Amino acid sequence: MSYKEICSLCKGNGYITVVVKGQDEIKQCWLCESKGEKEYSMKENNLKNNLFESVIDVGSGYLLAVAIQLLIFPLFGLYPTILDSMGIALIFTGISMMRSWVWRCYFRRKHEIRIYNH
Ligand SMILES: [Zn+2]
């Protein structure tokens with residue numbers, strides 16, 4: 001299912017003014033491709049679904065990390081208990097979540113531009 005909504009970026013104008021290095025520039029709206037409205041799918045707007053996907057993503061990564069450690073560590077002469085492996089996987093999962101969060105913040109800030117609506 002999908003529905004149409006007035007474009008949130010250009011407010012239905014199809015174009016926007018962006019400020020690049022202190023100068024105004026008229027740009028075609030890239031969000032709605034100058035149509036003034038955008039088609040959204042229900043899935044895109046469903047935060048609950050996104051959360052569910054994140055939980056599945058992180059959860060499966062965690063279980064995989066525990067399983068891989070139990071298989072791989074003995075090859076290196078390490079014999080952690082299941083509880084040890086779960087603790088180690090938890091630390092790695094936490095660090096990897098932090099890492100993706102830091103990168104997301106970094107790129108969001110880099111791409112930030114000032115936008116005026118007409
Ligand atoms: Zn637009």
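**Notebook: a walk through a predicted chain**

I began with Ile68, which sits in helix H2. I keep in mind throughout that this is a predicted model. I then asked whether Ile68 is buried or exposed. Ile68 turns out to be exposed, because 12 other C-beta atoms lie within 10 Å, and 12 or fewer is the cut-off for that class. I also looked up Ala89, which is 21 residues from Ile68 along the chain; their C-alpha atoms are separated by 9.7 Å.

**Entry: Leu70**

I stayed in helix H2, which covers residues 47-72 and also holds Leu70. Leu70 has 17 C-beta neighbours inside 10 Å, so I put it down as partly exposed. Which residues does Leu70 touch, leaving aside those up to four places away in sequence? I found Ile82 and Ser85. I noted Pro80 as well: Leu70 and Pro80 are 10 residues apart in sequence, and their C-alpha atoms are 7.4 Å apart in space.

**Entry: the whole chain**

I stepped back to see the layout. I counted three helices and five strands, and read along the sequence they follow the pattern β-β-β-β-α-α-α-β. I looked up burial next: the chain has 118 residues, and 6% of them count as buried. For contacts between residues at least 6 apart in sequence, I noted that 48% join residues at least 24 apart.

**Entry: confidence**

I checked how far to trust what I was reading. The mean pLDDT of the chain is 82, with 81% of the residues at 70 or more. Which element has the lowest mean pLDDT, and which the highest? Helix H1, residues 42-45, is lowest at 55, and S3 is highest at 88. I remind myself that predicted coordinates should not be read in detail where pLDDT is low.

**Entry: strands S2 and S3**

I turned to S3 next. Strand S3 covers residues 23-28, and the number buried among its six residues is zero, so the strand lies largely in the open. I found that S3 runs antiparallel to strand S2 (residues 15-20), with six bridges joining the two. As one of the pairings, I wrote down Val18 with Glu25 of S3 as its bridge partner. The hairpin of S2 and S3 has two residues between the strands, and there Lys21 takes a positive phi near 50°.

**Entry: two more positive phi angles**

I went looking for similar backbone angles, since most residues other than glycine have a negative phi. Lys11 is not a glycine, yet I read a positive phi of about 55° for it. I placed Lys11 in the loop between strand S1 (2-6) and S2. Lys11 is partly exposed because 13 other C-beta atoms lie within 10 Å.

Glu33 is not a glycine either, and again I read a positive phi of about 55°. I found Glu33 in the loop between S3 and strand S4 (37-41). With 11 other C-beta atoms within 10 Å, Glu33 counts as exposed.

**Entry: the nonpolar core**

I finished with a search for packing. Which residues make up the largest nonpolar core? I listed five: Cys7, Cys10, Ile16, Cys29 and Cys32. I followed Cys32 further, leaving out residues up to four places away in sequence, and found that it touches Cys7, Cys10, Gly14, Glu37 and Lys38.

How values were computed. Residues numbered from 1 in each chain as written. Predicted model: local features only at pLDDT ≥ 70, side-chain atom pairs only at ≥ 80, totals over all residues. Helix = DSSP H or I, 4+ residues; strand = E, 2+ residues; numbered from the N terminus. Buried ≥ 20, exposed ≤ 12 C-beta atoms within 10 Å, placed from the backbone. Contact = placed C-beta atoms within 7 Å. Pairing = 2+ DSSP bridges. pLDDT = per-residue confidence, 0-100. Core = buried A, V, L, I, M, F, W, Y, C linked by C-beta atoms within 7 Å.
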